[in-house]
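Trainee: I should be grateful for a close look at one part of this model, together with an account of how that part relates to its surroundings. Please proceed residue by residue where that helps.

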Amino acid sequence: MPIPVNNAELVRLYESGMTLRAIADRYGVKKQAVHGRLKCIGYKPRPSHIQRRTFDRETLVDLYVTKDLSLEKVAEHLKADRGSVRNELIRHGIECRRRGGRSKYRPYFAKLSSVGDSVLIPWKYPRYAHKTLHVAAERFGIKVSIKKAGDFQMRVTRKA
């Protein structure tokens, strides 16, 4: 629906301090229609009162990479929301981890630094161990062999 007002009046209302929403409500149109009209006539709307928060790369690397905090914990520490922190990680070129938390086997795989190293992992249900551990190792970027080492343990050895 077109805005039933001329461009000069629209600019005058906006420059008097009225918000886009207030102008839209006055003429029974959407806020985007007012913004679009101002943009079409070459008028640059004033910036939003909401300022984007930025964080320096060193702080993000320290919290997210070095201290290995989750995105939620980093956001809590910086008193920001999760989305803002994620956007800043991307802006600084810091790779975001997959959602869903960290694998509980990560500390065990971290000990497998070279081919032939092995570690014992406690396991309640050996029947399901092989596929689960192979997938977790693949996500960690290593190949492993898995053998049962007692009733409730699996021996995981790095292959490559």
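**Leu 10 and helix α1**

Mentor: Setting aside residues up to four places away in sequence, Leu 10 is in contact with Val 5, Ile 23, Val 34, Arg 37 and Leu 38. The model is a predicted one, and what follows should be read accordingly. Leu 10 is part of helix α1, and its relative accessibility of 0% places it among the buried residues. One of its contacts deserves a separate remark: Leu 38 stands 28 residues from Leu 10 along the chain, yet the C-alpha atoms of the two are separated by 7.8 Å.

The helix as a whole may now be considered. Helix α1 spans residues 7-15, and its buried residues are Leu 10, Val 11, Leu 13 and Tyr 14. These four lie on the same side of α1, because the arc they cover around the axis is only 160 degrees. On the face turned away from that buried side, α1 carries the exposed residues Ala 8 and Glu 15. The cover over the buried residues of α1 includes α2 (20-27) and α3 (31-40). Just after α1, Gly 17 adopts a positive phi of about 110 degrees.

The wider setting involves two nonpolar cores. The largest has 15 residues, and Phe 109, Leu 133, Val 144 and Val 156 are those with the most contacts inside it. At least two residues of this core come from each of β1 (118-122), α8 (129-140), β2 (144-148) and β3 (153-158). Helix α8 provides the largest share of this core, namely four residues. Apart from this core lies another, of 13 residues, and Leu 13 of the helix under discussion is among them, as are Val 5, Leu 20 and Leu 38. Two of these, Val 5 and Leu 38, have already appeared as contacts of Leu 10.

For the largest core, Val 156 offers a view of the surroundings of a single residue. Not counting residues up to four places away in sequence, Val 156 touches Phe 109, Leu 112, Asp 117, Ser 118, Val 119, Ile 121, Leu 133, Val 144, Ser 145 and Ile 146. Among these contacts are Phe 109, Leu 133 and Val 144, which are also listed with Val 156 as having the most contacts inside the core.

The charged pairs complete the account. The count of salt bridges is five. One of them joins Arg 82 to Glu 72, with 2.7 Å between the closest N and O atoms. Arg 82 belongs to helix α6 (residues 82-91) and Glu 72 to helix α5 (residues 71-78), so this pair ties together parts that are ten residues apart in sequence. Arg 82 is partly exposed at 27% relative accessibility, and Glu 72 is likewise partly exposed, at 42%.

Another salt bridge stays within helix α6, where Glu 88 and Arg 91 are three residues apart, about one turn of the helix. The closest N and O atoms of Glu 88 and Arg 91 are 2.7 Å apart. Glu 88 is buried, having a relative accessible area of 1%, whereas Arg 91 is partly exposed at 45%.

A further salt bridge links Lys 67 with Asp 62, whose closest N and O atoms are 3.6 Å apart. Asp 62 is partly exposed, with a relative accessibility of 32%.

Conventions
Residues numbered from 1 in each chain as written. Predicted model: local features only at pLDDT ≥ 70, side-chain atom pairs only at ≥ 80, totals over all residues. Heavy atoms only, no water. Core = buried A, V, L, I, M, F, W, Y, C linked by side-chain atoms within 4.5 Å. Buried < 20%, exposed > 50% of the residue type's maximum accessible area, 1.4 Å probe, protein only. Contact = heavy atoms within 4.5 Å. Salt bridge = Lys/Arg side-chain N within 4 Å of Asp/Glu carboxyl O. Arc of directions from axis to C-beta.
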